[in-house]
Amino acid sequence: MDCGSSRIEIEWVPTGDLAPNPWNPNRMGPVKLAKLAREIEQRGFSAPILARRKGRGLEVVDGEHRLMAAHMAGLDRVPVVVAELDDAQAMLKTLQMNELHGENDPELLAALLEKLSHEMSAAEMASLLPWSDREIECMIESVIQSAGEAEGALQAAAAESVPQPEFELFAAVVSPDEKRVIEQRIEQVKMETGTEEDGEALAAICAGLSLGGVTPPARRVAHASCVGERSERAGDAGVEDFDEVINRDR
């Protein structure tokens with residue numbers, strides 16, 4: 001049936017043919033749900049469930065807790081009004097009916113309003129829902145802000161996992177033993193100078209040309225890490241010519 005039709009047809013539908021929708025922000029605690037189940041078991045339904053056709057079954061638009069209570073009461077069939085509704089209409093109808101019973105979860109409510117904002121403006125929603133356009137905008141902004149904070153945290157975590165350039169260079173051209181000696185020397189210099197940064201300690205090592213037992217190739221790697229942009233001037237000379245480039249620039 002059409003929701004605007006003057007005639008309402010109630011069907012008795014097997015409870016297994018009905019499924020809850022994925023967007024409902026309404027929540028009901030176990031105590032209230034148990035009371036509702038007892039009420040339905042003793043006195044029956046005071047209002048039918050509103051549903052729409054979805055695939056081969058029916059999707060609940062309003063009445064998810066009545067359906068849950070019917071399962072608890074052991075009912076095989078429940079009264080249902082079937083309406084032809086698209087996604088936006090179904091979401092709006094869920095919000096409209098939720099104000100009559102149960103309680104909205106703030107985060108889920110805000111997320112649902114954000115989804116609806118892609119279909120209509122806050123003013124349009126305010127004309128159909130029990131909130132002002134400003135209240136709706138504030139709830140939507142909270143969702144966007146939370147998403148931005150989550151994205152920022154992910155980017156920060158990704159940035160922390162990026163290896164430092166000097167250690168990428170070490171891994172490429174020095175042996176494991178040489179790398180271990182360099183790292184030990186860096187830790188020693190950090191203790192001597194009080195710096196907490198590996199890069200600053202490496203710069204100090206390069207400035208003093210003191211690597212303490214590192215073979216010449218590793219020494220050249222340390223030089224290369226210090227000279228930064230100057231290393232580009234080595235061109236195609238390769239690692240073997242870094243000493244020459246550095247000495248020329250000193």
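Hi everyone, let's start with one residue, Asp 87: it is partly exposed, with a relative accessible area of 41%. Before I go on, please keep in mind that what you see above is a predicted model.

So, what does the side chain of Asp 87 meet in a salt bridge? The partner is Arg 52, and the distance from N to O is 2.8 Å. Have a look at where the two sit: Asp 87 is in helix α3, residues 87-98, while Arg 52 is in strand β4, residues 49-54, so this pair ties together parts that are 35 residues apart in sequence. Is Arg 52 buried or exposed? Arg 52 counts as buried, because its relative accessibility is 4% and the cut-off for buried is under 20%.

Let's stay with β4 for a moment and look at its neighbours. On one side of our story is strand β6, residues 77-82, which pairs with β4 in the parallel sense over three bridges. If you want a spot to click on, Ile 49 stands opposite Val 80 in β6.

Then there is strand β5, residues 57-62. In which sense do β4 and β5 pair, parallel or antiparallel? Here the pairing is antiparallel, over five bridges. These two strands form a hairpin with two residues between them. In the turn you will find Gly 55, which has a positive phi of about 65°. And our friend Arg 52 comes back here, since its bridge partner in β5 is Glu 59.

Now for the other salt bridges. How many does a search of the whole structure find? The count is nine. I'll show you two more of them.

One joins the side chains of Asp 62 and Arg 66, at 2.7 Å from N to O. Both partners count as buried: Asp 62 has a relative accessibility of 5%, and Arg 66 has 12%.

Another joins the side chains of Glu 192 and Arg 185, with 4.0 Å from N to O. In this pair, Glu 192 is exposed, with a relative accessible area of 53%, whereas Arg 185 counts as buried at 15%.

To finish, which residues are joined into one network by salt bridges that share partners? They are Arg 52, Glu 59 and Asp 87. You have met each of these names already: Asp 87 is in helix α3, and Glu 59 is the partner of Arg 52 in β5. Try finding the three in the structure above. Thanks for listening!

Conventions: Residues numbered from 1 in each chain as written. Predicted model: local features only at pLDDT ≥ 70, side-chain atom pairs only at ≥ 80, totals over all residues. Heavy atoms only, no water. Helix = DSSP H or I, 4+ residues; strand = E, 2+ residues; numbered from the N terminus. Buried < 20%, exposed > 50% of the residue type's maximum accessible area, 1.4 Å probe, protein only. Pairing = 2+ DSSP bridges.
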